Amino acid sequence: MNVLELKNLTKKFADFIAVDNISLSIAEGEIFGFLGANGAGKSTTINMIAGLLRINDGEITILGKNIAKNSKFAKMNIGIVPQDLAIYEDLTAAENVRFFAGLYGLRGAKLTERVDEALQFVGLSDKHKEYPKSFSGGMKRRLNIACAIAHRPKLIIMDEPTVGIDPQSRNYILRSVRKLNEMGCTIIYTSHYMEEVEEICTKIAIVDHGKVIAEGTKEQLIAIITNTKDVWIEVKTAEKINVELIKEITGVKTVQLEENFIKINSDIEVNNLNKIVQHLINHNIEISSLEEKEPNLETVFLTLTGRNLRD
């Protein structure tokens with residue numbers, strides 16, 4: 001069964017088409033990675049699913065029901081973990097969860113039970129009487145999740161849930177995503193950390209310029225670019241590197257500069273490694289190491305969109 005279906009979804013802002021005729025089906029039990037660089041249409045799509053933006057054209061259904069005609073049903077079955085923290089600093093942790101759970105009609109003993117359950121799930125039971133202003137960034141993110149899951153939605157949208165937090169908190173949240181999935185939740189997960197998507201998502205869609213340009217499992221997406229290879233070159237200093245000149249070398253498809261690493265994606269049938277190395281030598285760029293890499297999801301994204309996920 002499909003928990004969520006988007007059919008020819010379109011959103012315009014004046015003459016700008018932010019979402020261009022997107023169609024997607026998300027099956028029950030998926031952890032669905034939704035990837036797009038800034039301005040690709042990802043956030044606009046999520047806001048329409050959440051009912052925060054009006055649709056210009058197309059249809060969204062959740063559990064087989066049109067959300068425009070069944071807004072209360074949709075609201076009860078969707079939980080949103082927004083990128084920007086949606087918690088109140090002047091309410092305790094328990095009061096925050098109680099407030100948001102109450103918006104879904106929970107009352108009395110059931111409300112209290114769900115608040116306790118949600119706080120326990122995110123590991124904040126012992127902080128239920130404390131105020132978020134005293135919390136670390138990771139704890140605030142976990143409270144944000146608790147507020148979204150207390151009403152036990154079938155679909156949870158997590159928009160950048162690990163942004164700006166420490167590695168330990170990130171790992172805790174990723175474990176929580178898996179556990180929610182094991183408990184029967186279908187999850188839409190967005191992140192600018194490609195390794196997170198590779199680690200937890202069962203299916204992935206890449207959106208660019210308002211369109212879905214690729215969709216499938218990680219393995220299916222990587223298979224799209226089996227005609228390319230990755231070369232990572234570490235240099236002593238990247239100050240003299242001209243990315244555009246490297247792109248002019250025959251066979252080179254994309255060049256990405258990250259600190260002292262030059263990440264090159266190239267046509268697998270073109271033997272151009274000597275030319276690349278010679279180019280660096282000619283420009284007095286000292287090489288520390290060189291390694292050919294197996295293609296990964298980041299390579300796919302860069303190849304298909306021409307830009308880095310964090311751009």
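How many aromatic pairs does a search of the whole structure find? The search finds four aromatic pairs. The model behind this value, and behind every exercise below, is predicted.

**Exercise 1. Classify two aromatic pairs.**

Task: Assign a geometry to the pair Tyr-88 and Phe-100 and to the pair Trp-232 and Phe-261, then place each ring in the chain.

Solution.

Step 1. A pair of aromatic rings is described by the distance of the centres and the angle of the planes.

Step 2. Take Tyr-88 and Phe-100. Their centres are 6.0 Å apart, with 20 degrees between the planes. Planes under 30 degrees apart count as stacked, so this pair is stacked.

Step 3. Locate the two rings. Tyr-88 sits in the loop between β6 and α3 (93-102), and Phe-100 belongs to helix α3. They are 12 residues apart, and the pair links distant parts of the chain.

Step 4. Check exposure. Tyr-88 is partly exposed at 38% relative accessibility. Phe-100 is buried at 17%.

Step 5. Take Trp-232 and Phe-261. The centre-to-centre distance is 6.2 Å and the planes make 65 degrees. Angles over 60 degrees count as edge-to-face, so this pair is edge-to-face.

Step 6. Locate this pair too. Trp-232 is in strand β11 and Phe-261 in strand β13, 29 residues apart. Trp-232 is partly exposed at 22%. Phe-261 is also partly exposed, with 29%.

Step 7. Look for a cluster. Tyr-88, Phe-99 and Phe-100 form one.

**Exercise 2. Read the four-stranded sheet.**

Task: Which strands stand at the edges of the sheet β12-β13-β11-β14?

Solution.

Step 1. Write down the order. Four strands form an open sheet, β12-β13-β11-β14, with antiparallel pairing.

Step 2. Find the ends. β12 (252-258) and β14 (287-293) each have a single partner strand, so one side of each lacks a neighbour in the sheet.

Step 3. Add the twist. Neighbouring strands are turned by 15 degrees against each other on average, direction ignored.

Step 4. Inspect one pairing. β12 and β13 (residues 261-267) are antiparallel over six bridges. Val-252 faces Ser-266 in β13.

Step 5. Add the helices. α10 (residues 273-282) lies across β11 (228-235), β12, β13 and β14, at about 160 degrees to β14. α11 (residues 297-305) packs on the sheet as well, touching β11, β12 and β13. The direction of α11 makes about 115 degrees with that of β12.

**Exercise 3. Read the six-stranded sheet.**

Task: What is the pairing of the open sheet β6-β7-β8-β3-β9-β10?

Solution.

Step 1. The pairing of these six strands is mixed.

Step 2. The edges are β6 (78-81) and β10 (211-216), each pairing on one side only.

Step 3. From one strand to the next, the twist averages 20 degrees.

Step 4. Pick a parallel pair. β3 (residues 31-35) and β9 (residues 203-208) are joined by four bridges. Phe-34 stands opposite Ala-205 in β9.

Step 5. Pack the helices. α1 (residues 42-49) touches β3, β6, β7 (155-159), β8 (186-190) and β9, at about 150 degrees to β7. α5 (residues 137-149) touches β6 and β7, at about 165 degrees to β6.

**Exercise 4. Map the nonpolar cores.**

Task: Which residues of the largest nonpolar core touch the most other members?

Solution.

Step 1. In soluble globular proteins, nonpolar side chains tend to be buried together.

Step 2. The largest core here has 50 residues. Val-97, Leu-143, Met-158, Ile-187 and Tyr-189 touch the most other members.

Step 3. Ask where the members come from. α5 gives the largest share, seven residues.

Step 4. Expand one hub. Beyond its neighbours within four places in sequence, Met-158 contacts Val-81, Ile-145, Val-177, Leu-180, Ile-187, Ile-188, Tyr-189 and Thr-190.

Step 5. Record the second core. It is separate and holds 24 residues, including Leu-4, Ile-26, Met-48 and Ala-74.

**Exercise 5. Test for disulfides.**

Task: How many disulfides does a search of the whole structure find?

Solution.

Step 1. A disulfide is a covalent bond between the sulfur atoms of two cysteines.

Step 2. The search finds zero.

Step 3. Check Cys-185. The nearest cysteine sulfur, that of Cys-201, is 15 Å away. The cut-off is 2.5 Å, so Cys-185 is in no disulfide.

Step 4. Check Cys-201. The nearest cysteine sulfur to it belongs to Cys-185, and Cys-201 is in no disulfide.

Step 5. Compare burial. Cys-185 is buried at 11% relative accessible area. Cys-201 is buried at 9%.

Key
Residues numbered from 1 in each chain as written. Predicted model: local features only at pLDDT ≥ 70, side-chain atom pairs only at ≥ 80, totals over all residues. Heavy atoms only, no water. Pairing = 2+ DSSP bridges. Helix = DSSP H or I, 4+ residues; strand = E, 2+ residues; numbered from the N terminus. Axes fitted to C-alpha atoms, helices over the stretch in contact; angles between N-to-C directions. Contact = heavy atoms within 4.5 Å. Core = buried A, V, L, I, M, F, W, Y, C linked by side-chain atoms within 4.5 Å. Buried < 20%, exposed > 50% of the residue type's maximum accessible area, 1.4 Å probe, protein only. Phe/Tyr/Trp six-rings, centres within 6.5 Å; stacked < 30°, edge-to-face > 60°.
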